[in-house]
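Visitor: Please take me through one loop of this model in detail, and then set that loop against the rest of the chain.

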Amino acid sequence: MLKYSIRRLVESLITVLIIVTIVFLLLRLLPTDYYFTEEQLMKFTEEQKQEQLLAAGLLDPIPEQLMDFYNNVIHLDFGESRRIQNGVPVVKVIGDKFAISMQLGLIAIGISVVIGVPLGILQTSFKDRVPDHIVTVYTIFVNAVPSLVTYSLILIFGSRVLGLPSMYSTRNPGPSSILPIVCLSLGSIAWYALWVRRYMIDELNKDYIKLARVKGLSSRSIMVKHVLRNAFVPIAQYLPQSMLLTIGGSLLVERFFSVPGMGPLLTDSIQRYDTSVVQTLVMLYASLSILGVFLGDVLMMIIDPRITLANKGGTR
């Protein structure tokens, strides 16, 4: 386990380094005019532009800029935002928005697991009967209907029928968070229900389940001790990654309900050429993705001790 963790940590650091380096170099290929606002382009002379670029280090050789960037990252200096919040440290810009996305995301994931997994178990228990068909219709609806249509229906029903706020408000975060959380949960609930049902049905058709029935084990004991545990192993691998990415913000939901979270921040910073924010966000999302995969492997091993994370005799 320790050797595996160290190896994965090294691989993860290298992967993040490669991703961030590629993004850094791509941003440096853009014309330098993108560094300035439209007002600055109209007001500054060519000499003033060169002075600004020189002060920002953008006229230095690319290898030198890259080494300066690495050095700043090592010292946890991610620079300041120039467009999103001019002069504000990137850590603060992201931190304020991350807190909002994390709160909504964690609640949405909790709801998804609490509802989705039991729905999958219910479908398995009543396979090809009314409860199974009802949940299947829900799953198909969520996956087939465009998200914007679904969100619009929820918005209309929630605001007009239930009287809930249609837009997120930092002054009234409780009630105004309900509709965004519902929208964030819909897809995950369908996902968990679908895959729990699929894996449990696969387990029920295996020989060891037939043997357990022959031995006289009750259906409840078989479902809880064998089927559900084994069926949840592959789902557990996805759970940490989905949790980390969800708390990282949802672009569509947060834009739809005007949530000032992480979701729209990356696209906004790219459009406005806020390089410090873009680089830091790419590093953050890459790290969250890799950490999610690693935690998924560990959680899968905890649920099923037969799974090992170290090479033994050429097998994993």
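Guide: Leu-76 sits in the loop that joins α4 (62–74) to α5. This is a predicted model, and the backbone of Leu-76 has a phi near 60 degrees, a positive value in a residue other than glycine. Most residues other than glycine have a negative phi. The side of accessibility is clear as well: Leu-76 has a relative accessibility of 63%, over the 50% cut-off, so the residue counts as exposed.

A second loop gives a useful counterpart. Tyr-273 is located between α13 (265–271) and α14. Its phi is near 55 degrees, again a positive value in a residue other than glycine. Tyr-273, however, has a relative accessibility of 7%, under the 20% cut-off, and therefore counts as buried.

Each of these loops leads into a helix with a buried residue to look at. The loop of Leu-76 runs to α5, and Ser-101 lies in α5. Ser-101 has a relative accessible area of 1% and is buried. Its C-alpha atom is 7.9 Å from that of Ser-250, although 149 residues separate the two along the chain.

The loop of Tyr-273 runs to α14, and helix α14, residues 275–303, holds Leu-281. The relative accessibility of Leu-281 is 0%, so this residue is buried. Leaving aside residues up to four places away in sequence, Leu-281 touches Ile-94, Met-262, Leu-265, Leu-266 and Ser-269. Leu-281 and Leu-29 are 252 residues apart along the chain, with 19 Å between their C-alpha atoms.

Helix α5 also has a part in the nonpolar interior. The largest nonpolar core contains 16 residues, and those with the most contacts inside it are Leu-104, Leu-179, Cys-183, Val-253, Phe-257 and Val-259. Two or more residues of this core come from each of α5 (90–125), α7 (147–161) and α9 (178–204). Helix α9 supplies the largest share, five residues. A second, separate core has 13 residues, including Met-200, Ile-209, Ile-222 and Leu-239. In soluble globular proteins, nonpolar side chains tend to be buried together.

Within the larger core, Phe-257 can be followed residue by residue. Not counting residues up to four places away in sequence, Phe-257 touches Leu-155, Ser-166, Met-167, Tyr-168, Leu-179, Pro-180 and Cys-183.

The whole chain puts these details in place. The protein chain has 14 helices and zero strands. Its radius of gyration is 25 Å, well over the 20 Å that the globule rule gives for 316 residues, so the chain is more spread out than a compact globule. Along the principal axes, the C-alpha trace spans about 85 × 60 × 30 Å. Buried residues account for 39% of the 316 residues. Of the contacts with a separation of 6 or more, 69% join residues 24 or more positions apart.

The surface and the charges complete the account. The accessible surface is about 17900 Å², and carbon and sulfur atoms hold 65% of it. The chain carries 28 positive and 23 negative charges, and the mean positions of the two sets are 17 Å apart.

Conventions: Residues are numbered from 1 along each chain as its sequence is written. This is a predicted model: local features need pLDDT of at least 70, side-chain atom pairs count only at pLDDT 80 or more; totals for chains, interfaces and linings use all residues. Side-chain values use heavy atoms; hydrogens and water are left out. Helices (H or I, at least four residues) and strands (E, at least two) are DSSP runs, numbered from the N terminus. The radius of gyration is taken over C-alpha atoms; the globule rule is 2.2 Å times the number of residues to the power 0.38. Buried means under 20% relative accessible area, exposed over 50%, partly exposed in between (1.4 Å probe, protein chains only). Contact means heavy atoms within 4.5 Å. Accessible areas come from the Shrake-Rupley method with a 1.4 Å probe; for residues, only the protein chains shown count as cover. Lys and Arg count as positive and Asp and Glu as negative; His and the chain ends are not counted. The place of a charge is taken as NZ of Lys, CZ of Arg, CG of Asp or CD of Glu. A nonpolar core is a set of buried Ala, Val, Leu, Ile, Met, Phe, Trp, Tyr and Cys residues joined through side-chain atoms within 4.5 Å.
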